[in-house]
Amino acid sequence: MGRVELIPADEEERIAAVNRYEVLDTPPDGAFDRITSLAARLFDVPISIVSIVDRDRIWFKSHHGVELQEIGRDLGLCASAVCHHGPWLVTDAKVDVRTIDNPLVAGELGLRFYFGVPLTTSDGFNLGTLNVIDVEPREVTEAEVATLQDLAAIVVSELEVRLAARRTLEDRRRRALELNDEVVQGLAFAKLAVESGRSDQAREAITDTLHTAQSIVGELLESAGREGQLGPGDLVRSSGALVSPPRSPSR
């Protein structure tokens, strides 16, 4: 099985998608470990893996039944699986011409059965696979194909949710930095205006800065409210505090 057979036509774009999800070399994760454990039980096999196919290696986000963390891309059947947009099945690797010479088949591991479903992103790139592996040959039913496809979709959903959460956090951080810059620049201009006797311009600068701050903080509060980070009425109370003038101290 030559190296050229393991490279999808959209490889550079696919690698960019892998990097976008920032999953490579991350710590073990219970959400993915539960999926591989469940897959192994459902298929009654000793091994199940969530793999991510990198440029020169296949890295295991979750590996039930094996201690390996990664293997070379040339060795892995997952590299072939990401070249396809459907399930990739090897019922008996010792007689399948695609795998008969693979060291994982001919060597100590003695792999015989491999069934993998690509982890396909919302924009159509195969990041890796969810697969089940056995040392005995076997067939799969249509129901089992559907089951592994559903589990693979759950893996992708987990990755998509985490990507969306990171983007939301990055957007909030960017807007917070913009708020800081606007306030610093506005107050600096107001200070210069006061020092040069232009009190009207100073008041105008302070008013503009306040309005910009209210707008940005309002966006951040609204975003937090949509994600359930604020309770009922919190957004209204918080927004009101932004626009309400300070109370005069009691005499």
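Me: What share of the 251 residues of the protein count as buried?
Reply: The model is predicted; residues are numbered from 1 along each chain as its sequence is written, and side-chain values use heavy atoms, without hydrogens or water. Local features need pLDDT of at least 70, side-chain atom pairs count only at pLDDT 80 or more, and totals for chains, interfaces and linings use all residues. Buried means under 20% relative accessible area, exposed over 50%, and partly exposed in between (1.4 Å probe, protein chains only). The buried share of the 251 residues is 39%.

Me: How many helices and strands does the protein have?
Reply: Helices (H or I, at least four residues) and strands (E, at least two) are DSSP runs, numbered from the N terminus. Along the sequence they read α-α-β-β-β-α-β-α-β-β-α-α-α. The count is seven helices and six strands.

Me: Which element gives the most residues to the largest nonpolar core?
Reply: A nonpolar core is a set of buried Ala, Val, Leu, Ile, Met, Phe, Trp, Tyr and Cys residues joined through side-chain atoms within 4.5 Å. The largest one has 30 residues, and I52, F115, L119, L130 and V132 have the most contacts inside it. Elements giving two or more residues include helix 1 (11-21), strand 5 (113-120) and helix 5 (142-195). With seven residues, the top contributor is helix 5.

Me: Which residue of helix 5 (142-195) is in contact with V132?
Reply: Contact means heavy atoms within 4.5 Å. Neighbours within four places in sequence are left aside, and the partners of V132 include A39, F43, F113 and F115. Helix 5 spans 142-195. The partner numbered in that range is L148.

Me: How far apart are the end C-alpha atoms of helix 2?
Reply: The expected span of a helix is 1.5 Å times one less than its number of residues. Helix 2 has 14 residues, so it should span 20 Å. The end C-alpha atoms agree with this, at 20 Å.

Me: Which residue takes a positive phi just after helix 2?
Reply: At the start of the helix, a side-chain oxygen of D29 reaches to within 2.9 Å of the backbone nitrogen of A31. Buried residues in helix 2 include A31, F32, A39 and F43. Just after the helix, phi is positive, at about 55 degrees, for D44.

Me: Is D92 buried or exposed?
Reply: D92 is in the loop between strand 4 (88-90) and helix 4 (103-106). D92 touches R112 and P137, not counting residues up to four places away in sequence. The relative accessible area of D92 is 15%, so D92 is buried.

Key: Polar contact = N/O pair within 3.5 Å; in protein donor to acceptor, adjacent residues only side chain to side chain.
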